[in-house]
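User: I am in my first year and would like a close look at the sheet of chain C. Please then set it beside the helix contacts and the chain contact of the assembly.

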Amino acid sequence: MAATETNLVTVTFDGRELQVAPGTPLVVAAAEVGIEIPVFCYEPRLGPPIGACRMCLVEVEIGGRAMPKLQAACTMTTQDGMVVRTAATSAPAKEGQDAVLEFLLLNHPLDCPVCDKGGECPLQDLTFRYGPGTSRMTIPKRTYEKPLPISPSVLIDRERCILCYRCTRFSSDVAEDGELVARERGARSVIATFEERPYVGAFSGNVTELCPVGALLPTPYRFKARPWEIVNVPTVCTGCAVGCNTWVTLREGKAERVISRNHPEVDEGWLCDRGRFARHEPLVERLAEPLIRDSSGLHPATWEEATRSTAQRLRHVSALKGAGAVAIVTGGNLTNEEAYGWAAIARSVGARTASGPVAAAGEWERLDPYAARIDDLDRSDLIVVIGDADVADRAGVVDLRIRKARRAGAHLAIVSAGGTILERDAGSFVAAPAGSAAAIVAALAGAGAAPAGVDLADLGARLAVASHPVLVVTDPIAIALIEQLAHTLRLHERGGVLPMPRGANERGARLAGLSGGGDAVLAGLESGEIRAVVLVGLDPTAEWPEAERWHMALAQADHVVTVSAFVNSAVSWSHIVLPQTVDHEREGTVTNLEGRIQRLRPVTKGPSGRSDLVAIAAIAEVLGVPVAPTPAKVYATLAADLTVPLSWSQLNGRAPLPSRGREARAPKKVAAPKAPPAPAAGRFVLVAPRPLFAGPAVERTAALAHQRAPWVMLNHADADALGVAEHDVISVTHAGGTHTGPLRISRRLVAGAVRINWAGAPATGDATVVRS
Amino acid sequence: MVDGFIVTVIKGFALVNLLMGFFAFMTWVERRLIGRFQQRLGPNRVGPAGLLQPIADLGKLLRKQSMIPTGARPRLYLLAPFVSLTCAIGAFGFMPFGGLATIPGTSLTFHLYMADSNVALLFVAALGSLGFYGLLIGGWASGSKYAMLGGMRAIAQLVSYEVAFTLAVIGVLIHARSLSFIDIVHAQSGWYWYILPQFLGFLVFMVAAVAESNRPPFDLTEADGEVVAGYHTEYGGMRFAMFANAEFINAITLSALAAVLFLAGPEGPLLPGPLWMLIKTGLFLFIFIWLRATTPRVRFDQLMSLGWKLLLPVATLNLLVTAFFVVYGSSHA
Amino acid sequence: MLDQVKGFSVTLRHLFRKPVTQEYPEYRRPVYPRFRGRHQLHRHENGLEKCVGCSLCAAACPADCIRVVPAENPVEGRVSAGERYARIYEINMARCIFCGYCELACPFDAITLGNDFELSEISRDALVYTKDMLLAKPERRTPSKSVELYDVPVQEMERVLGMYDVITATNPEGAPE
């Protein structure tokens with residue numbers, strides 16, 4: 001989308017001439033000559049400007065003739081010979097600007113001292129800079145009940161709303177959830193949800209950053225701090241593999257809120273609600289000191305003792321039983337430096353490592369020649385999403401990016417069992433049996449037949465002719481299959497595959513040396529080959545499939561070392577427990593799904609007061625492996641292996657992603673996967689991908705409780721057959737437990753399947769559904 | 001020894017203690033007087049009317065940290081305050097307080113002076129000059145440039161005013177024909193006080209005395225703005241107290257000397273000798289304090305030129321005139 | 001030369017005048033009504049605190065000695081008259097320079113500076129005044145001069161300022177900017 005520089009037009013702003021491309025909004029063009037035209041409703045990320053607030057009024061002359069009325073500089077675009085006078089040089093424009101601000105402030109309550117936006121409020125700033133000094137309002141202002149919780153995490157104060165419609169445009173045009181609308185009309189307009197129901201959606205928090213006044217504010221930050229009492233620390237969210245850039249607001253040593261730092265290539269200024277609101281609090285539940293188990297249970301120990309004991313046990317087991325008797329298992333959310341440290345330890349004791357639950361689904365480096373970037377979605381003309389999981393559940397803001405691409409004209413094709421949020425707006429939808437993503441991919445690659453009843457012809461045709469297709473596979477299938485499909489489709493020459501790793505830094509962990517899958521470790525534990533296990537930041541019985549088997553297998557191991565932030569079930573039978581730092585307490589780098597390395601900056605100190613890398617370095621030292629205790633030094637070692645090495649300081653600000661070469665070799669053919677077994681009679685196939693709002697941080701955040709509310713989804717035919725209607729409470733019992741919630745009916749969900757938002761250990765297979 | 005060894009020792013002991021006590025009292029008097037000159041109260045909080053202020057000051061000084069600066073020469077540094085104080089107290093030893101006194105109720109008599117030396121005046125002048133050694137040694141041995149400068153200035157000041165001081169005193173000497181204080185006092189008996197014939201000499205003596213005792217307006221050696229605190233910059237606590245002590249006792253000595261030389265010391269009607277001595281010394285001390293309250297500090301070059309260019313010629317003139325009149329008078333009498 | 005002697009007579013004259021020392025603490029000199037001393041947090045007549053914890057005083061403070069942590073007014077037992085109240089309000093008197101900017105900044109006249117300046121303590125911690133200490137009635141130990149005499153009422157100021165127009169009208173060049 002190169003800018004056509006050939007035909008520039010001349011526009012004059014306040015006497016300053018400018019050559020600019022035609023069709024540029026005047027607000028943007030004026031900024032190029034250094035003239036600020038104040039705006040409220042203009043936000044390019046929300047789509048085309050609407051000129052609702054009238055703040056940007058300017059006097060415009062075209063072809064020598066002055067336009068009779070003042071024009072909104074956000075909707076007016078540049079034409080040749082245009083002469084624009086802003087309020088700085090034009091009295092009518094100044095009068096118009098003053099009048100607009102006066103009108104906006106007429107009914108705006110005198111809330112500044114009690115409003116959280118005070119100090120960082122565009123209305124305050126623009127009134128101070130451009131507004132009239134006095135008000136002529138003498139009659140009482142209109143009032144509403146305030147503040148109203150529009151959801152447990154967002155409050156609305158309707159008195160302060162200036163009706164710029166940024167929030168409604170976000171809801172309808174960006175998140176496309178249709179939750180926030182403007183009700184009533186004229187002076188009685190209010191922002192509301194349908195029937196005052198809570199705003200449930202993965203991106204509701206973004207309206208609090210969009211709102212230019214204190215009308216929409218986040219509940220957890222209410223009355224916490226003023227802008228002059230805080231420090232904003234630039235870091236990166238580690239909730240998922242996208243790595244949205246954030247500012248963490250710090251007051252008196254406590255992280256109070258998270259706002260977006262806007263990396264245009266990664267998150268474009270949006271955050272999902274999990275990244276925004278989830279916190280690993282309360283601190284009282286955090287592990288603060290190492291624990292060692294002796295005959296009478298777990299007791300506090302010093303760091304020295306704990307790290308030495310860990311190293312000695314690992315060395316002892318590996319010396320006694322040989323290589324492969326130790327396993328180091330991580331959850332894919334370590335920093336690169338921590339992963340490097342553990343990999344060095346693993347090498348020295350010959351340990352097996354794992355950074356994901358299934359080895360085959362974790363070999364992300366196979367996709368490197370075909371890997372797409374997140375902003376490739378902007379340029380694509382065909383986006384194919386295969387899998388039962390929603391894109392929002394795996395990689396929050398990528399969902400918003402896909403929707404943006406679709407609005408720009410790309411064709412969105414979805415192949416899934418149905419019931420996802422994205423398919424409502426899909427261009428084409430192909431229903432596939434639950435759990436058949438691997439088969440679909442294999443079929444598209446020509447390595448197997450499509451499952452029965454699935455017609456992939458249209459999709460195949462589109463894929464053949466697309467110029468920039470992007471493939472997204474949301475279910476965890478063998479990467480080798482995706483590689484095969486990518487090669488068949490020549491995705492290294494056009495478009496690409498967007499990897500969807502499970503943990504925040506799975507790619508980085510693998511690059512640092514922690515490759516391998518949990519299934520191999522589980523098998524080793526059960527066979528007795530693995531005698532010592534280190535679980536780093538992970539409780540496999542809560543987060544990985546085959547929870548029961550893990551439980552039994554870990555009980556048999558001789559030594560279990562857990563590195564964990566909270567007390568979880570793994571801690572209760574570990575021999576050594578080391579406290580871990582979480583999100584805002586970490587320093588280091590993480591690699592996002594594109595392969596972009598971004599820096600984490602520590603905001604607070606954890607309860608233990610130490611960084612994890614120091615403990616890892618201590619363990620490594622006992623084992624005789626040199627690992628530096630500071631992230632910068634470890635990164636320097638890591639960066640040497642990169643193809644395009646970026647230095648520690650080059651990762652400041654908005655981290656770049658150097659382009660890689662894309663030479664692909666023909667991959668080995670992979671056998672077609674087996675179709676999942678059909679369920680027994682009377683049972684349903686369980687579709688339970690891990691939802692976005694799951695995990696220990698989300699469970700401890702009260703503001704997100706409403707996002708975790710359980711629900712059950714059935715096909716309308718199945719619902720009729722069971723005799724249940726929408727909102728009836730249904731119980732779904734499966735291998736991992738029972739899930740109870742109100743029913744939602746989906747027309748697209750395949751018959752015979754039940755979809756639930758189960759946040760426990762991943763469950764597959766079949767389930768019974770009863771009305772409860 | 002005019003009274004025998006033991007009595008002299010007792011007298012000496014009493015004299016030193018009374019002198020020290022008087023000094024302490026005088027600090028209170030000085031501060032209150034200067035306050036009244038400045039239309040304000042002096043210290044009046046510690047004790048009745050502030051009379052325990054000197055005790056409080058003593059307590060404070062005692063509790064200060066005693067230290068030796070790194071660049072100092074320890075032995076000389078420790079020696080200097082003692083030199084100053086010893087010479088100051090020693091110079092007071094010969095002051096006459098009267099003639100023979102009887103202990104009431106007994107028949108024991110003793111003289112109200114330590115000894116009748118025939119070089120008393122010379123001795124006092126010598127000890128006064130010797131006291132400056134303390135300043136010089138202290139200034140130099142402190143190892144600090146301000147102390148050094150202060151010590152140098154003290155010596156320059158001493159040298160400048162010592163000659164004029166001695167010449168003024170010689171005027172009295174010519175009249176009295178003796179260096180002994182007792183003789184000088186007796187020579188002034190009968191209201192023939194030397195302040196009248198020796199008025200010029202008296203003025204020179206007063207100015208030189210103020211300069212000799214480092215009192216304002218001639219206190220440049222310890223001027224804060226010039227040399228921080230002069231020779232006693234690096235001294236703290238009791239050592240500083242000894243220097244201050246020495247300075248004021250010098251002033252007391254010079255006041256007593258003025259009383260003896262020009263106002264006939266313990267002579268006077270009605271009141272006993274010591275009381276007259278007290279009154280006359282007190283008068284001169286009052287003048288010292290009055291000078292301090294009134295005059296600004298003299299600049300050092302002005303000080304030198306005053307000493308050499310004004311006082312010395314005047315003192316010489318006074319001497320010559322006195323000598324002429326004494327010889328003329330005696331040749332006629 | 002004679003001036004030197006006259007100087008001595010001046011000093012001697014002063015010796016016999018009454019000293020002008022005002023002996024504190026037996027005599028406490030009354031301060032002017034607007035003297036900036038110890039802070040005072042105020043309440044409305046109905047007992048609700050005026051302070052809503054907006055932290056503008058902390059923003060205005062040049063010495064950065066005010067700490068405000070706001071909170072939502074509890075449903076039962078409302079503390080302030082606004083949406084929020086100051087849960088923690090501390091002023092570090094050791095840092096305070098008594099400039100009065102907090103009084104100027106407060107939009108609700110919640111904090112004013114009274115006349116009390118006798119604030120010595122024997123530990124630094126005791127100098128961090130909490131909200132209770134600031135809300136409590138102070139021990140008014142410092143006498144102040146009469147308000148009528150020294151604190152000009154607003155109407156009087158307006159009358160004086162009103163004359164400004166007369167002055168500028170009759171003497172445009174002479175009127176100061």
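Analyst: The account below begins with the sheet of chain C and then turns to an interface, two helix pairs and some points of backbone geometry. The model is predicted.

In chain C, three strands form an open sheet in the order E2-E3-E5, and their pairing is antiparallel. Strand E2 (66-72) and strand E5 (128-129) of chain C are the edge strands, each of which pairs on one side only. As general background, strands of a sheet pair through backbone hydrogen bonds, and the pairing may be parallel or antiparallel.

How many bridges join E2(C) to strand E3 of chain C? There are seven, and E3(C) covers residues 84-92 and runs antiparallel to E2(C). Particular residues can be followed across this pairing. C:Glu72 has C:Arg84 of E3(C) opposite it, and C:Ala71 stands opposite C:Tyr85 in E3(C). These two pairs can be read together with a general point: in a regular strand, side chains alternate between the two faces of the sheet.

E3(C) is also joined to E5(C), by two bridges, and this pair again runs antiparallel. Here C:Asn92 is the residue that stands opposite C:Val128 in E5(C).

Chain C also meets chain B. In this interface, 15 residues of chain C are in contact with 14 residues of chain B. The size of an interface is often given as the accessible area lost when the parts come together. For chain C and chain B, the buried area is about 1,400 Å², with 61% of it on carbon and sulfur atoms. Three residues, C:Phe8, C:Thr11 and C:Leu15, supply 40% of the area that chain C buries against chain B, more than any other three residues.

Within chain B, helix H4 (residues 120-141) packs with helix H9 (residues 237-263) at an angle of about 160°, and their axes are 12 Å apart. Angles over 145 degrees count as roughly antiparallel, and H4(B) and H9(B) are therefore roughly antiparallel to each other. The crossing of H4(B) with H9(B) is left-handed. H4(B) contributes B:Leu121, B:Val124, B:Gly134, B:Leu135 and B:Gly138 to the contact, while H9(B) contributes B:Phe243, B:Thr253, B:Leu257 and B:Leu261. Of these contact residues, six are nonpolar, three are polar and none is charged.

A second helix pair is found in chain A. Helix H12 (residues 437-444) and helix H14 (residues 479-488) of chain A pack at an angle of about 30°, with axes 8 Å apart. Because angles under 35 degrees count as roughly parallel, H12(A) is roughly parallel to H14(A). Their crossing is left-handed. On H12(A) the contact is made by A:Ala438, A:Val441, A:Ala442 and A:Leu444, and on H14(A) by A:Leu481, A:Ile482 and A:Leu485. The residues of this contact comprise seven nonpolar, no polar and no charged.

Some points of backbone geometry remain. The peptide bond from A:Lys146 to A:Pro147 is cis, with omega near -15°, and A:Pro147 belongs to the loop between helix H3 (122-130) and strand E7 (148-151) of chain A. In chain B, the bond from B:Pro216 to B:Pro217 is cis, with omega near 5°; B:Pro217 is placed in the loop between helix H7 (199-212) and helix H8 (224-227). Finally, A:Asn262 has a positive phi of about 55° although it is not a glycine, and A:Asn262 is located in the loop between strand E14 (254-260) and helix H6 (273-277) of chain A.

Conventions
Residues numbered from 1 in each chain as written. Chains lettered and ligands numbered in written order. Predicted model: local features only at pLDDT ≥ 70, side-chain atom pairs only at ≥ 80, totals over all residues. Heavy atoms only, no water. Pairing = 2+ DSSP bridges. Helix = DSSP H or I, 4+ residues; strand = E, 2+ residues; numbered from the N terminus. Axes fitted to C-alpha atoms, helices over the stretch in contact; angles between N-to-C directions. Parallel < 35°, antiparallel > 145°, perpendicular 65-115°, else oblique. Left-handed = near helix turned anticlockwise from the far one by under 90°. Contact = heavy atoms within 4.5 Å. Nonpolar A, V, L, I, M, F, W, Y, C, P; charged D, E, K, R; others polar. Buried area = accessible area lost by both parts, 1.4 Å probe.
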